[in-house]
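Colleague: Please take a close look at one buried position in this model and set out its surroundings. Then please place that site within the chain, with the cut-offs behind each term.

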Amino acid sequence: MPPTAKARWTRQNFRALIRQELQPGRLIPSLTAGMIAGIFLVVYAVSFGALIFSGELTPFVSAGIGLVLFTAITVSIIVALGSSLPGVLIIPQDGPGVILALLISAMVTKLSGSATPVELFATAVMAIATTSLLTGAVCYLLGAYRLGNLTRFAPYPVIGGFLSGTGYLIAQSGFSLLSDRFFSLSELDVLLQPQFLTRWVPGVVFGLILIWVLRHRNSVFIVPGMVLVGSLIFYAALFLTQTNIAEARELGLLLPEFPRGTLWQPLKPDLLLQAHWQSIWEQFPRIVSIVLVTVMMLLLNSTGIELASGQDIDLNQELRAAGLGNIVAGLGGGIIGFHGLGLSTLCSAKIGAKSRVVGILAAFVCVLVLFAGGFVSLLPKAVLGGMLIFLGFGFLVEWIYDAWFKLSKSEYALVQIILLAIALVGFLEGVGLGLAIAMVLFVVSYSRTRVAKHILSGVNYRSRAGRSPAEQRTLRQEGEQLYILDLQGFLFFGTANLTPNP
């Protein structure tokens with residue numbers, strides 16, 4: 001093909017893609033999902049920035065929020081363009097984030113008194129950057145050497161338990177966001193106090209109504225319409241009760257006002273010199289644990305997105321995309337971010353925004369907040385928390401109620417055991433317990449299954465191809481030399497998804 005024809009073909013496809021994206025049935029879900037995803041990314045950035053840059057690093061919390069926003073922007077764009085499944089979204093993850101916060105806290109505590117505040121900040125940023133770069137490199141290499149398919153060996157009930165546990169954690173985040181305190185089952189009585197009821201009840205009602213509507217109706221206009229109506233009702237209530245924005249924030253009905261001005265600054269060479277690298281090296285075991293947790297969670301989240309969306313996903317490509325994104329984020333001092341199961345499911349499967357534009361729009365919202373400030377903080381908590389309740393309860397309904405009619409009793413019991421373990425003990429412990437039980441059940445089932453369903457020969461088993469009389473006679477005479485096994489059971493476990501090489 002001549003170069004000019006190739007260029008014209010590319011332009012034509014690009015124009016066709018633009019026209020497709022501008023269709024109302026595709027554009028409205030993309031805009032809605034991009035806005036919602038961007039707002040959630042900003043909320044995550046504020047949370048993680050405050051988590052990591054606390055204590056003696058509190059004066060630098062604005063810069064910390066900027067670093068997390070930088071992660072959200074860079075990794076969102078790279079994964080949106082590089083993912084094998086359009087509509088996949090990323091978030092800064094709590095698993096690696098909590099370990100990273102402990103790592104930073106340990107370094108700051110040890111250096112306290114012997115290092116200046118600026119040196120503490122430089123050490124923290126360099127530790128974050130080093131962790132992100134190493135994690136990104138490992139993820140990319142695993143994807144390049146096609147090792148991502150190892151999670152295909154995770155049994156279906158384990159993935160179901162992982163999804164139900166994720167639903168619990170998402171709903172837990174929703175209650176925590178609405179009530180301004182960490183929610184746990186042991187503190188359920190606290191949420192029933194009057195001062196907290198007014199905070200979380202509207203959000204829960206919003207989420208439950210959205211679940212009910214979407215289980216009976218399917219339209220791309222439902223979620224954006226509910227968000228708009230919910231916001232209008234909220235501000236109408238403020239108007240009727242003569243409550244201004246500042247008072248609503250003080251009552252916990254709106255997000256805190258975000259810092260104004262530019263939050264993120266590029267890394268400067270003097271940070272390399274001011275950082276205490278010996279302290280970073282002493283935390284290397286924790287850095288390795290962050291890498292391992294990231295790889296496992298990334299693969300599990302990707303598998304969960306695949307299951308929730310009903311579409312195949314290339315795990316190796318997801319590893320490469322997330323790896324490259326974290327390398328770029330690390331170069332700017334950003335923390336680790338990768339596929340968000342809840343956010344991707346919400347935008348792709350629930351809202352119906354299966355477009356790469358969604359991740360780019362979410363990044364654009366973060367850019368606005370990064371350089372322009374906090375207009376996003378005007379969205380009611382009841383709507384944001386209600387979206388989390390909607391998504392979390394949606395997973396729980398699917399794997400507690402719907403799964404009862406789809407799974408065998410042993411598989412259903414395994415899903416619920418993993419859910420309880422995640423809720424009462426922890427995420428990694430729940431998934432690990434589920435895998436251990438699944439392996440035991442696998443061995444028991446394997447021992448009871450005959451591998452050879454039928455043993456045949458060429459005498460009694462023929463192909464459907466037409467044969468001449470001479471060929472048929474030869475098969476009858478020599479057919480015993482063909483030994484045919486009709487196999488069944490778990491022999492092809494974990495390989496059913498693989499496409500053979502041409």
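Modeller: Thr 294 is in contact with Pro 96, Thr 135, Cys 139, Ile 336 and Phe 338, once its neighbours within four places in sequence are left aside; contact means heavy atoms within 4.5 Å. The model is a predicted one, in which local features need pLDDT of at least 70 and side-chain atom pairs count only at pLDDT 80 or more, while totals for chains, interfaces and linings use all residues. Residues are numbered from 1 along each chain as its sequence is written, and side-chain values use heavy atoms, with hydrogens and water left out.

Thr 294 sits in helix 13, residues 284-309. Helices are DSSP runs of H or I with at least four residues, strands are runs of E with at least two, and both are numbered from the N terminus. Thr 294 counts as buried because its relative accessibility is 1%. Buried means under 20% relative accessible area, exposed over 50%, and partly exposed in between, with a 1.4 Å probe and protein chains only.

Two other positions fall into the intermediate class. Val 46, in helix 2 (residues 24-52), has 24% relative accessibility and therefore counts as partly exposed. Its C-alpha is 8.5 Å from that of Gly 64, a residue 18 places away in sequence. Leu 482 lies in the loop between helix 20 (469-478) and strand 4 (483-487), and at 44% it is likewise counted as partly exposed. Leaving aside neighbours within four places in sequence, Leu 482 is in contact with Leu 456, Ser 457 and Gly 458. The C-alpha atoms of Leu 482 and Leu 456 are 8.1 Å apart, although 26 residues separate the two along the chain.

For the wider setting, the protein chain has 20 helices and 4 strands, and 47% of its 502 residues count as buried. Of the contacts between residues at least 6 apart in sequence, 81% join residues at least 24 apart. The chain exposes about 24,900 Å², of which carbon and sulfur atoms supply 66%; accessible areas come from the Shrake-Rupley method with a 1.4 Å probe, and for residues only the protein chains shown count as cover.
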